[in-house]
Amino acid sequence: MSHPDHATIDLAVIGGSGLYQFPGLEIATRHALDTPYGAASGEVLVGDFAGRRVVFLARHGERHTLPPHRVNYRANLWALHSLGARRVVGINAVGGIRDDMGPRAIVVPDQLIDYTHGRLTSYCDVDGAEVKHIDFSAPYTESLRQQLLAAAARAGIAAIGGGCYGATQGPRLETRAEIARMKRDGCDLVGMTGMPEAALARELGLDYACLALVANFAAGCGDEAQISIEEIFAHLAVATAQVPRILAALLEN
Ligand code: HPA
């Protein structure tokens with residue numbers, strides 16, 4: 001297993017629910033990385049996509065065996081960083097809270113609120129580590145957000161710019177009361193994997209943005225009395241099919 005030339009990695013992509021492989025990626029090397037923080041979710045794939053060097057990691061494992069609260073976010077980000085990635089796009093399945101963020105919408109959020117608990121949220125947890133207080137006023141890298149939105153526009157794919165991502169613990173979906181509270185808090189989207197990923201990326205100095213794919217209206221937001229997992233995955237498949245075109249347009253520039 002040879003190591004890729006670090007200088008050549010153009011983009012890292014973390015695939016969420018529904019994106020376990022990267023269509024169009026011509027895989028050159030596979031890396032089963034054991035980091036100081038433990039094992040990543042699975043093999044990190046390095047390959048060519050749209051004429052560029054891209055690394056890909058399935059957040060939940062290639063067969064979706066890791067629930068959101070058991071993902072080793074620290075190992076995942078560390079692995080991508082150690083392979084030479086400098087910018088990361090996290091693909092996240094979400095529920096829509098805001099009216100215009102219904103199933104199949106694609107959103108590049110600009111804010112987040114963390115409702116998760118009990119996760120390992122920092123590289124500073126280790127004895128002797130330097131204590132870093134990262135600025136997190138803007139949790140996503142603005143330039144990368146803008147590049148993603150411009151890429152979607154060039155690809156002719158509608159994407160909504162801005163919105164607040166509320167990160168919940170999962171793996172269960174939320175109650176209507178929880179979503180009503182999140183709405184009052186200012187959340188537009190709800191997902192289970194946005195944190196601590198974004199904060200860890202910032203600690204490592206990586207550029208990071210979230211491409212959120214709306215799978216369903218969050219509890220109490222649509223007409224449905226209940227949320228069906230089959231529908232979630234059906235909508236997700238439609239939105240996910242657009243992702244390679246957005247990322248190809250991102251890499252063109
Ligand atoms: N809630 C939390 N996470 C999600 C949802 C939801 O409704 N849909 C997809 N991921």
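This is a short dialogue about the ligand site, the empty spaces and a few backbone oddities in a predicted model.

Biologist: Let's begin with the ligand. Which residues are around the ligand?

Modeller: Keep in mind that the model is predicted. The residues around the ligand come in a few short runs: Ala93, Val94 and Gly95, then Leu173 and Glu174, then Val190, Gly191 and Met192, and also Asn216.

Biologist: How does that shell divide into nonpolar, polar and charged residues?

Modeller: There are 5 nonpolar, 3 polar and 1 charged.

Biologist: And which polar atoms lie by the nitrogen atoms of the ligand?

Modeller: Take the side chains to start with. Asn216 puts a polar side-chain atom 2.6 Å from a ligand nitrogen, and Glu174 has one at 2.7 Å from a ligand nitrogen. Gly95 takes part through its backbone, where a polar atom is 3.4 Å from a nitrogen of the ligand.

Biologist: How much of the ligand's exposed area does the protein bury?

Modeller: On its own the ligand exposes 260 Å², and the protein buries 94% of that.

Biologist: Which elements give two or more residues to the shell?

Modeller: Those are β7 (87–96) and β12 (189–191). With 3 residues, β7 gives the most.

Biologist: Now the empty space. How do I read where space is left?

Modeller: The general idea is that rolling a probe the size of a water molecule over the atoms shows where empty space is left. In this structure, the space taken by the ligand is the largest pocket.

Biologist: What volume does the largest pocket have, and which residues are closest to its centre?

Modeller: Its volume is about 410 Å³. The lining has 23 residues, and the closest to the centre are Ser17, Ala93, Leu173, Met192 and Ile232. Ala93, Leu173 and Met192 also belong to the shell around the ligand.

Biologist: What is the lining of that pocket like by class, and which elements supply it?

Modeller: By class you get 12 nonpolar, 9 polar and 2 charged residues. At least two lining residues come from each of β7, β12, β13 (207–217) and α5 (229–240).

Biologist: Where is the second largest pocket lined, and how much space lies in it?

Modeller: About 280 Å³ of space lies there. Of its 21 lining residues, Asn216, Phe217, Glu224, Gln226 and Ile227 lie nearest the centre. Asn216 is the residue whose side chain has a polar atom 2.6 Å from a ligand nitrogen. Here β13 and α5 each supply at least two lining residues, and the classes come to 10 nonpolar, 6 polar and 5 charged.

Biologist: Pockets are open. How many cavities of 30 Å³ or more are there?

Modeller: The count is 1. The largest cavity has a volume of about 50 Å³, and its lining is made by Tyr20, Gly42, Glu43, Leu45, Phe56, Ala58, Gly61 and Glu62. Sorted by class, that is 4 nonpolar, 2 polar and 2 charged.

Biologist: Last topic, the backbone. What should I expect of phi and of peptide bonds?

Modeller: Most residues other than glycine have a negative phi, and most peptide bonds are trans.

Biologist: Which peptide bonds are cis here?

Modeller: One joins Gly170 and Pro171, with omega about -5°. Pro171 is in the loop between β11 (164–167) and α3 (176–185). Another joins Met195 and Pro196, with omega about 10°, and Pro196 is in the loop between β12 and α4 (197–203). β12 is also one of the elements that give two or more residues to the ligand shell.

Biologist: And where is Ala50, and what is its phi?

Modeller: Ala50 has a phi near 50°, a positive value in a residue other than glycine. Look for Ala50 in the loop between β5 (44–49) and β6 (52–58).

Methods. Residues numbered from 1 in each chain as written. Predicted model: local features only at pLDDT ≥ 70, side-chain atom pairs only at ≥ 80, totals over all residues. Heavy atoms only, no water. Near = heavy atom within 4 Å. Polar contact = N/O pair within 3.5 Å; in protein donor to acceptor, adjacent residues only side chain to side chain. Areas by Shrake-Rupley, 256 points an atom, 1.4 Å probe, with all protein chains shown as cover. 1 Å grid on protein atoms, 1.4 Å probe; cavity = no way out; pocket = protein on both sides within 12 Å on 5 of 7 lines; lining within 4 Å. Sits in = over half its atoms within 2 Å of the grid points. Helix = DSSP H or I, 4+ residues; strand = E, 2+ residues; numbered from the N terminus. Nonpolar A, V, L, I, M, F, W, Y, C, P; charged D, E, K, R; others polar. Points joined across faces, edges and corners; volume = space filled by probe spheres on them.
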